[in-house]
Amino acid sequence: MLQNILVWFIQFSPKTKRWFWRKWYSAFPRIAPDKKFKFMNFGYFSDNLKLNLNLDDELERYPIQLYHHVVSQTESIGKSILEVGSGRGGGADYIARNHGPSQITGLDISKTAIDFCNSVYKEENLKFIVGDSEKIPLGDKSF
């Protein structure tokens, strides 16, 4: 029953949906503060994908494989990349460390998530900022 009420509330209007997700993503870093938990996706598997990962990354192999699969479809070396909805920052961190962008910026609506990311990740070519995907606070053609 609670699930049905939640689904109804989220689908009631775009405004209630945005409010709910903003609250949920702001609460999530407090609910799950473990800094080893860096991804919020299910991941990707392919028999043809055999990444050599360091021990810390091995814990999140399938989510990393999703980021690797997506970013490998284009040239990333020397590029400026924007990840909209960066969540806990693991994907942006992986790309910063392994795919050679000049800069990767993680944008998320949740200040709590951005604070989490800024406390965990220290790559020089990586930064996280608070922002709304419908009103990205960055210049046109920046990425």
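How close do the axes of H2 and H6 come, and at what angle do they cross? Keep that one in mind while we set the ground rules. This is a predicted model, where local features need pLDDT of at least 70, side-chain atom pairs count only at pLDDT 80 or more, and totals for chains, interfaces and linings use all residues. Residues are numbered from 1 along each chain as its sequence is written, and side-chain values use heavy atoms, with hydrogens and water left out.

**Exercise 1. Describe how H2 meets H6.**

Solution. Start with the elements: helices (H or I, at least four residues) and strands (E, at least two) are DSSP runs, numbered from the N terminus. The axes of H2 and H6 (residues 111-120) come within 7 Å and cross at roughly 40°. Axes here are lines fitted to C-alpha atoms, for helices over the stretch in contact, and angles run from 0 to 180 degrees between N-to-C directions. That makes H2 oblique to H6; under 35 degrees would be roughly parallel, over 145 roughly antiparallel, 65 to 115 roughly perpendicular, and the rest is oblique. Next, list who touches whom, with contact meaning heavy atoms within 4.5 Å. H2 brings Ser26, Pro29 and Arg30, and H6 brings Thr112, Ala113 and Phe116. Sort them by class and you get three nonpolar, two polar and one charged. For that sorting, Ala, Val, Leu, Ile, Met, Phe, Trp, Tyr, Cys and Pro count as nonpolar, Asp, Glu, Lys and Arg as charged, and the others, Gly among them, as polar.

**Exercise 2. Do the same for H4 and H5.**

Solution. H4 (residues 61-71) and H5 (residues 90-98) have axes that come within 10 Å and cross at roughly 55°, so these two are oblique as well. The crossing is right-handed, that is, the near helix is turned clockwise from the far one by less than a right angle (anticlockwise would be left-handed). On the H4 side, Ile64, Tyr67, His68 and Val71 do the touching; on the H5 side, Gly91, Ala92, Tyr94 and Ile95. The tally is six nonpolar, two polar and no charged residues. Now look at burial, where buried means under 20% relative accessible area, exposed over 50% and partly exposed in between (1.4 Å probe, protein chains only). In H4, Arg61, Pro63, Ile64, Gln65, Tyr67, His68 and Val71 are buried. Their cover includes H3 (55-58), E1 and H5. A handy reminder for reading such lists: an α-helix has 3.6 residues a turn, so residues three or four places apart point the same way.

**Exercise 3. Work out the strand order and pairing of the sheet.**

Solution. Three strands make an open sheet in the order E1-E2-E3, with parallel pairing; strands pair if DSSP finds at least two bridges between them. E1 and E3 are the edge strands, each pairing on one side only. From one strand to the next the twist averages 20°. E1 pairs with E2 (residues 103-108) over five bridges, and Ile81 has Ile104 as its bridge partner in E2. E2 and E3 also pair over five bridges, with Asp108 partnered by Val130 in E3. H6 packs on the sheet, touching E2 and E3, and its direction makes about 160° with that of E3. Finally, check the faces of E1 (residues 80-84): Ile81 and Glu83 point to one face and are buried, while Ser80, Leu82 and Val84 point to the other and are not.

**Exercise 4. Place three single residues: Ser86, Phe37 and Lys141.**

Solution. Take Ser86 to begin with, in the loop between E1 and H5. With 5% relative accessibility it is buried, and, not counting residues up to four places away in sequence, it touches Gly106, Leu107, Asp108, Ile114 and Phe128. Phe37 lies in the loop between H2 (14-31) and H3 and is partly exposed at 29%. Its contacts, leaving aside neighbours within four places, are Phe28, Ala32, Glu60, Arg88 and Phe116. Phe37 and Leu59 are 22 residues apart in sequence and 8.9 Å apart in space, C-alpha to C-alpha. Lys141 follows E3 (126-130) in the chain; its phi is positive, about 60°, although it is not a glycine. With a relative accessible area of 85%, Lys141 is exposed.

**Exercise 5. Summarise the whole protein.**

Solution. Count six helices and three strands, following the pattern α-α-α-α-β-α-β-α-β along the sequence. Of the 143 residues, 38% count as buried.
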